[in-house]
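User: I'd like to learn how to read a few features of this protein. Can you walk me through them?

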Amino acid sequence: MKILLATYWLIPHVGGVWVYIQDLKASLERLGHEVDVFARHPDENSYYMANTGERVEKERFKRLVEGEIRAIYAPYQSLIDPWIVEQEIEFCSYALAASYFGLGKYDLIHTQDVISSRALWQIKPEEIPLISTIHGCLSTDYWVSLEGKLPSDTIWKYACAREYYGATSSDLTIVPTKWLHDTLVGYMVPSQHMEVIPYGMNVELYLQRMNERSTFTIPDAANVIICPARFDKVKGHSCLLDALYTLKQIRNDWICLLVGDGNLRSELESKANRLGLASHVIFTGSRNDVPSLIKQSDIVVLASLNDNHPFTVMEAQIAHKPLVVSNAGGIPEMVKHNHTGLVAKAGDSDELSHCLNALLDDHKLRNKLAANGYKWGVKRWSLTTMEQLTTHLYEQLLNKQRIRKVTHPPKHDGRHGAWISSSLREMYNMYIPQSFSIVDDHIVGSVLYQGK
């Protein structure tokens, strides 16, 4: 079977989606399948097949669709935020690039986010099954990032519409946690359209990587706390720094490694200096030797304000390390308080600091949580189980044993940008369905609907 794994996100990157794609690809290839991976290139100006390096420039499609899309949205300038128009230009360019590489040669397409799902659902040949795995809720992340501020009305409507149409633009959608399942139900995604399959991980490979030599020298300290997470508001680093400030008033026998990077780095470094934590908090940057750093650490902490199924939790458990986590999102499905880790209320720095201090004080508690977490993790995070459950769904779709549970409302009669599709068919011999429109009427309608 020839399978396409597709994501709108840049790959490679440090994060769970890329780990999932790599592990799933390796599993499928061990079973004898041929697998391609389509994504945005790290240069942000092109799209490519990550496994072969074959690439096409974004501008090839963007220059065709941009003017047309802007003209269609122009009458609604007072209602639709310019950011939405930019997002739809990016969306359409991505969809056309996927078609450029040829989707008709695949037996099955497996997308990895709401954007790639909506794009490939609209442009693929109808007979090819599409299954998606949704790794998180963009709308919930957006809400958390606002930190209590009210979102723009049209941007929020767009975010909710993108969540719904992305999660339902498939024959079936996989979600890793019950929390995400229930969250998407809140965005009107039918429960029966989703299957919960927790992540698995390649335990043997991870243990090998733990034993590799790290090029980073950890300063001498009685206790090493580590937080491997990208610098994004949803990961709660600011709350963690507040907790570490409180901890520093109690004791000085620790350092904390913040492993990762992102656009919040300078802000977090400034805050750490302002709180007098410069000698206790070390920003390592993004690294490829995280398993080795976890092995050398004593406690793993994750202070997320919103999260789904963080790989950091899985890795800490397999590494036999005690955990301090927040109760955000799907994390309580992974960590049971006082049994496989300590769980603090998301955003509560005092509670987080108390949990860290409890582990620093009590070595027996550390050992108990680490041992219980390891037993749970080895059993729960089986890559073989994830692989079997996922390929079983593939077979059901290919054999027509699963019937799609969602019917989108019909689109308007008029299609937008038909001349663009016609030109691309002629220039590049691309397959583009006759129904394809460069502007999605479902999204436009959802944003413009006033609901008064």
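Analyst: Below we go through the sheet, two residues and a pocket.

Analyst: Some ground rules first: this is a predicted model, where local features need pLDDT of at least 70 and side-chain atom pairs count only at pLDDT 80 or more, while totals for chains, interfaces and linings use all residues. Residues are numbered from 1 along each chain as its sequence is written, and side-chain values use heavy atoms, with hydrogens and water left out.

User: How many strands form the open sheet, and in what order?

Analyst: Strands (E, at least two residues) and helices (H or I, at least four) are DSSP runs numbered from the N terminus, and two strands pair if DSSP finds at least two bridges between them. Here eight strands make an open sheet with mixed pairing, ordered 4-3-2-1-5-6-7-8. Strand 4 (55-57) and strand 8 (194-196) are at the edges with a single partner strand each, so one side of each has no neighbour in the sheet. From one strand to the next, the twist averages 20°; the angles, from 0 to 180 degrees, are taken between N-to-C directions of lines fitted to C-alpha atoms.

User: Which way do strand 2 and strand 3 run?

Analyst: Strand 2 (residues 34-40) and strand 3 (residues 46-49) are antiparallel, joined by three bridges. F38 sits opposite M49 in strand 3.

User: Is S46 in strand 3 buried or exposed?

Analyst: Buried means under 20% relative accessible area, exposed over 50%, and partly exposed in between, with a 1.4 Å probe and protein chains only. S46 has 1%, so S46 is buried. Its side chain makes a polar contact of 3.0 Å with that of D43 (a pair of N or O atoms within 3.5 Å; within protein, one must be able to donate a hydrogen and the other to accept it, and residues adjacent in sequence count only if both atoms are side-chain atoms).

User: What does A95 touch?

Analyst: Contact means heavy atoms within 4.5 Å. Leaving out residues up to four places away in sequence, A95 touches A119, I123 and F436. A95 is in helix 3 (residues 82-101) and is buried at 0%. The C-alpha atoms of A95 and A119 are 4.9 Å apart, with the two residues 24 apart along the chain.

User: Which residues are closest to the centre of the second largest pocket?

Analyst: Rolling a probe the size of a water molecule over the atoms shows where empty space is left. A pocket is an open set of points on a 1 Å grid over the protein atoms alone, where a 1.4 Å probe fits, with protein on both sides within 12 Å along at least five of seven lines; lining residues have an atom within 4 Å of a point. The second largest pocket has a volume of about 700 Å³, the space filled by probe spheres set on the points. Of its 27 lining residues, W121, Q122, K124, E126 and R404 are closest to the centre. Helix 4 (residues 114-123) gives the most to this lining, with three residues.
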